[in-house]
Amino acid sequence: VVDEMIRRLEEAFLPGLSDAVVFKEVGTPRTHMKFLNRSDGTYGPIPSKRPIGLLGMPFNRTDVDSLYCVGDSTFPGQGVNAVAFSGFACAHRVL
């Protein structure tokens with residue numbers, strides 16, 4: 001499946017993509033259940049109790065000095081835009 005996706009992307013607008021790929025890995029909901037312990041393979045945080053709005057989610061900082069977290073399990077949550085913002089916010093905090 002992934003080879004077909006790469007081939008189609010290459011034909012559409014990314015010539016040379018297959019030669020540039022060094023590592024590829026496919027994840028499915030079953031992969032997320034096994035390795036990420038995600039309920040039913042879903043994305044996003046799995047709160048132990050219902051958070052109060054978005055502020056119930058953890059921010060980028062951790063208790064370990066100079067260790068930060070980004071992604072769908074931190075503020076502002078899941079989705080491409082939210083995850084990208086999570087990385088942007090963390091970079092802003094660190095830099």
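Visitor: Which residue forms a salt bridge with Arg 7 at 2.5 Å between the closest N and O atoms?
Guide: In this predicted model, the partner lies in helix α1 together with Arg 7, four residues apart, about one turn of the helix. At 58% relative accessibility the partner counts as exposed, because the cut-off for exposed is over 50%. The residue in this salt bridge with Arg 7 is Glu 11.

Visitor: Which residues are joined into one network by salt bridges that share partners?
Guide: Arg 7 forms a salt bridge with Glu 11. Arg 7 also forms a salt bridge with Glu 4, with 2.6 Å between the closest N and O atoms. Through these shared partners, the network consists of Glu 4, Arg 7 and Glu 11.

Visitor: How many residues apart are Glu 4 and Arg 7 in helix α1?
Guide: Glu 4 is partly exposed, with a relative accessible area of 38%, and Arg 7 is partly exposed at 34%. Their positions in helix α1 put about one helical turn between them. The separation in sequence is three residues.

Visitor: Which residue forms a salt bridge with Asp 3?
Guide: The closest N and O atoms of this pair are 2.2 Å apart, and a salt bridge needs them within 4 Å. The partner counts as partly exposed, at 42% relative accessibility. The residue paired with Asp 3 is Lys 24.

Visitor: How many residues apart in sequence are the parts that the pair of Asp 3 and Lys 24 ties together?
Guide: Asp 3 belongs to helix α1, residues 2–12. Lys 24 sits in the loop between α2 (17–20) and α3 (29–35), so the pair ties together parts of the chain that are 21 residues apart.

Visitor: How many salt bridges does a search of the whole structure find?
Guide: Asp 3 pairs with Lys 24, and Glu 4 pairs with Arg 7. Arg 7 pairs with Glu 11 as well. The search of the whole structure gives a total of three.

Visitor: Is the aromatic pair of Phe 85 and Phe 88 stacked, edge-to-face or tilted?
Guide: The structure holds one aromatic pair. Phe 85 and Phe 88 are 6.3 Å apart centre to centre, with 35 degrees between the planes. Planes under 30 degrees apart count as stacked and over 60 as edge-to-face, so the pair is classed as tilted.

Visitor: Which helix holds both Phe 85 and Phe 88?
Guide: Phe 85 is partly exposed, with a relative accessible area of 40%, while Phe 88 counts as exposed at 56%. The two are three residues apart, about one turn of the helix. The helix spans residues 80–94 and is α4.

Visitor: How many disulfides does a search of the whole structure find?
Guide: The sulfur of Cys 69 has its closest cysteine sulfur in Cys 90, 8.1 Å away. A disulfide requires the two sulfur atoms within 2.5 Å, so this pair is too far for a bond. The number found is zero.

Visitor: Is Cys 90 buried or exposed?
Guide: Cys 69 counts as partly exposed, at 32% relative accessibility. Cys 90 has a relative accessible area of 9%, and the cut-off for that class is under 20%. Cys 90 is therefore buried.

Visitor: What percentage of the residues of the protein chain count as buried?
Guide: The chain has four helices and zero strands. Its accessible surface comes to about 7900 Å², of which 60% belongs to carbon and sulfur atoms. Of its 95 residues, the share that counts as buried is 16%.

Conventions:
Residues numbered from 1 in each chain as written. Predicted model: local features only at pLDDT ≥ 70, side-chain atom pairs only at ≥ 80, totals over all residues. Heavy atoms only, no water. Salt bridge = Lys/Arg side-chain N within 4 Å of Asp/Glu carboxyl O. Buried < 20%, exposed > 50% of the residue type's maximum accessible area, 1.4 Å probe, protein only. Phe/Tyr/Trp six-rings, centres within 6.5 Å; stacked < 30°, edge-to-face > 60°. Areas by Shrake-Rupley, 256 points an atom, 1.4 Å probe, with all protein chains shown as cover.
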